[in-house]
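Colleague: Please take a close look at one part of this model, the small open sheet. Walk me through how its strands pair and what packs on it.

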Amino acid sequence: MDIEDEITGRYDPHDLEPDVKGYWDEADAYETAKEAHADDPNLYFLDGPPYTSGQMHLGTAWNKTLKDAVIRYLRMRGHDVTDQPGYDMHGLPIEVKVEEKLGFENKSDIEEYGVENFIDECKEFANDNLDAMNDDFRSMGVWMDWDDPYKTVSKEYMEGAWWAFKRAFDRGLVERGKRVINQCPRCETAIADAEIEYDEIDSPSIYVKFPLEDEDGSLVIWTTTPWTIPANLYVAVDEDAEYAKVRATKDGDEEFLYVASECVEDVLRAGRYDDYDVRETFDGSALVGRGYEHPLVDRVPRQKELDNEEGVHEVYAADFVETDRTGLVHSAPGHGVDDFEVGQENDLPVFSPVGEDGVYTDEAGDYAGKFVRDANEGVTDDLTDGGYMLAEGTHEHRYGHCWRCDTPIVFVATDQWFITVTDVKDRLLEEIDKSEWHPQWARDSRFRDWVENARDWNVSRQRYWGIPVPIWICDEGHRTCIGTRDELQERAVGDVNVEELDLHRPDVDEVHVECADCGEPAERVVDVFDVWLDSATASWASLGYPSDEEAFDELWPADLIIEAHDQTRGWFWTQLGMGVTALDEIPYKEVVMHGHALDEDGRKMSKSVGNIVTPQEAIDRHGVDPLRCFLLSHDQHGDDMRFSWDEIEAKKRTLNVVWNTYRFPLPYMRLDGFDPDETTLEDVETTTADDWVLSRLQTVESEYAGYMEEYEIDKAQKALLDFLTEDVSRFYVQVVRPRMWEAEDSPTKNAAYATLYAVLEQSVRMLAPFAPHLAERMYENLGDVTTVHALDFPEADDALRDETLEKRMDVLREAEEAAANARQQAERKLRWPVRRIVVSTDEDDVRDALGALEPLFLDRVNSKSLEVVEEYDELVEVAEPQMGAIGPEFGEDAEKVMKAVRDEPREKVEDGVEIDGETVTLDEDMVEYTDKTPEDVEAVGFDGGTVYVDVSLDDEIRAEGYARELVRRVQEMRKELDLDVEERIRVSFDAEDDEILELAERRTDYILEETRADGIADEVDADLTEDWDVEGIRVTVGVEVLTV
RNA sequence: GGGCCAGUAGCUUAGCUAGGUUGAGCGUUCGGCUGAUAACCGGGAGGUCCUCGGUUCAAAUCCGAGCUGGCCCA
């Protein structure tokens, strides 16, 4: 293998990435990588299908990038990873978008337009979005099987959902019944808990008096939904709380009110009563069973009938009652979940005089035909007129809205199809424990909490674009559930070819089947499934099960899923629900739960706030790989990520260091014809620095693998990038630089080549999951395989690991830093050698380290010698004059004394100082002494000791220093002349001060060698002449290029 | 109103499981290097560890209350 291309350009993702993408296409790199691992043990990764109603945003970009990094890594580790992406393509959100597009306002517009036409529009909309999203994800460099995504609209997929529903049906877990559900009055359908968004709204806040039947007094209730009062059937109390009977007076009239004791003051103030006194207190249980008169009984005739039913318009005890407001809760089983449940427990009827469009039905009497929210006013007026209103105001609170059309939802009791997950709740909770979550608290706190509180799942929607509920009902009311297309074909009445049938509405509506019970023709119920049921079945439906059993048998359940924390109520939950109801098993083994992408201020990104940053913007500004590395550099286990332009840019700079580290040795390798296959680590004599960086490489490989094992992607990335910047670029490359321009057959140079090659070739594999484009581009010059992404993970080789050496090098680097710092204090550049460095330490480790690494240390700090001592005994004690004592004694001479004494060595001061020709001795209290380094020595401490650098000059050092100064100027000029490394020159020097040249002359050989000059002459036929300032002295340098 | 998570330098964060001198990157500033050079490297400044209380010889870390933000629920 040869190092071929010369890399001269800078790291520019905008150049590099399209280039690499082009190469991938051309070379079928993705297919090659998959092929390389096709025979490995399989690993079923399951992609959570994004919804095809919009474009990729930063959150989905993060999600897919994380998945991509994990898939690439797992492949490297020897797994045949399933990487089929999926798309969630049915459902209300798409219907709403299409309705908007067509200018529709309600369901009758759709019916008028024709269901078939509408379905076609939805299909097209979803497909168009799918294509756009495919492109978006591809642009992030995500390698998944984009040519063959699973689609929830395919026949095979829909069949998978039917099959699962039938399983639940057969196990008795499907029920139809009245339940209170969330109804979107605009979409005219039930919507799932997961489809509700909460926003702040202003609602009426009313206190209403319900007169007791058996005495002169009223129960006081509070509500924010006056429109539910026409459906009130009972009042709930907390049986353990204390309640009070209050005598209240206003304008001379007196009345009796019942409220919770805690609320008396607030309620009476709200009702603007003049005065009150509590007559009696008792437990809530004392109120249970008391009857009251419905305040709107005259407006709602049906209430009169209901009043005659057993138990209606009485007080009941309920857990959900809190003693805020009044402690008495108006309850309408037709309009509240809790109200409904307590009503059921007490065998109360359900009264819900509201249609699916949110308009009162005839049963609502005077209110019939009015939209409920608009009826609030009429209801409150009627209550006021009847004398029932105690107080009226508004209340701001969070209220549920339809997540797609933003209409406030209403709770109504309607007939719906349910999967009764509450019947298998114990199993659900058991199965949770079989899955492993990252982070674990997501499972044990968050998810468990959700599952424990889960209600039966309403899976039916009164809509069009969804998987039809596969239940057919005959005239007798028997239910026939169809689980597969074959079954449908068998049972279908008349001439039906199921193979050619689109399973969507309206086609499937036209198929009649033979009832399983009585054999009579049955008709399909018109509902479609809640779209969450679609994705819930992904683990088998995406594999084509049940029509194709092979993949299912081999792969199911999924080994791994990766989604954001909002999926606790979404996909994590729905999959568990369907998995357990259909297959009695949790359908995934491992979960990685990441966070959301927030804006730079930590707020969520939203259209209305206008703080959305699109992935495309970030790519345009900084490139895909920097964005990917940024997204993967934060905690990936549940924490949200704050977006930051600065951070992406910083990532780009870090990748640039990686790029330069790679770019640096290439020209030399190429020039020398270095062949990594021939010159391997076994063939070369490595130096200490080589051994060290190779050891570090093994350490990083094992750390990286350890982090990835736990899906701590951010930590793995950091370990790798820290290694490449801190260890390789900042240290190793600096150390080996001189070796790069040694003679052609230099063994140490070859060792450096072989070492750097190993470091780069293996690091690039580790970089591949994070920055796939950059890694690919780098690899092109490092190996022969089509793509870096087909390679195996570089396993750490313990034989190359030397922990002692790594520790010693840490010490060396600490001491080196201290020495550099001391030089800076002494204002002595690194170019000038120093005579001596002394390190004082009382730690054996430090002594051993510097002893073992002395040559390297001397080279690094450019010192002639190193001494390691326990105690540095060259400190001098110097005087600090104490003016408090000197002042009074010497009066106006005090300042002279101070100056004469300050910083003088102890002996000198003790011998007496000379002031104006007179020798003066000082008392002990006039001087204190402190330790100071001798002149020309600077000291800097480090963790483990102190470094003393002696920067005193002699001719030898000055000769070397000046020689290096001159060399550097000549190099600069060579560069200006754009000379190649091999080209020879002749130079001339002329200086104001001859001393420079005389000293430098001692190092003529060195100068000739370093500058590739054939000679130094007094005068040359210069191609370039320049004046330089060398340590304050003007030097004229002439360079003549010699033609060969 | 409830559950869960987070709050550390101007910004992004590590440290928190197992208490013992808060560490890094970016930015800023001063400097070095000059055969990776519109690159690379070093030093400095910069912190009430969200607030208040508790436990402890010792709290960023453990406990309690609160504030702010996020997700989920009512």
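Modeller: Start with one strand pair, and keep in mind that this is a predicted model. S25 and strand S26 (residues 588–594) run parallel and are joined by six bridges. One residue pair shows the register: Ala-564 has His-594 in S26 as its bridge partner.

Now the whole sheet. It is open, with three strands in the order S17-S26-S25, and the pairing is parallel. Strand S17 (436–438) and strand S25 (558–564) are the edge strands, each pairing on one side only. On average, neighbouring strands in this sheet are turned by 15° against each other, direction ignored.

Two helices to note here. Helix H3 (residues 58–76) packs on the sheet and touches S25 and S26. The direction of H3 makes about 150° with that of S25. That angle is over 145, so H3 counts as roughly antiparallel to S25. Helix H13 (residues 440–452) also packs on the sheet, touching S17 and S26. The direction of H13 makes about 105° with that of S17. An angle from 65 to 115 counts as roughly perpendicular, so H13 is roughly perpendicular to S17.

For context, turn to a helix pair elsewhere in the chain. The axes of helix H23 (residues 688–709) and helix H24 (residues 713–740) come within 9 Å and cross at roughly 170°. H23 and H24 are therefore roughly antiparallel to each other. Their contact has 18 nonpolar and six charged residues, and no polar ones.

Note on methods
Residues are numbered from 1 along each chain as its sequence is written. Chains are lettered from A and ligands numbered from 1 in the order in which they are written. This is a predicted model: local features need pLDDT of at least 70, side-chain atom pairs count only at pLDDT 80 or more; totals for chains, interfaces and linings use all residues. Side-chain values use heavy atoms; hydrogens and water are left out. Axes are lines fitted to C-alpha atoms, for helices over the stretch in contact, and angles run from 0 to 180 degrees between N-to-C directions. Helices (H or I, at least four residues) and strands (E, at least two) are DSSP runs, numbered from the N terminus. Angles under 35 degrees count as roughly parallel, over 145 as roughly antiparallel, 65 to 115 as roughly perpendicular and the rest as oblique. Ala, Val, Leu, Ile, Met, Phe, Trp, Tyr, Cys and Pro count as nonpolar, Asp, Glu, Lys and Arg as charged, and the others, Gly among them, as polar. Two strands pair if DSSP finds at least two bridges between them. Contact means heavy atoms within 4.5 Å.
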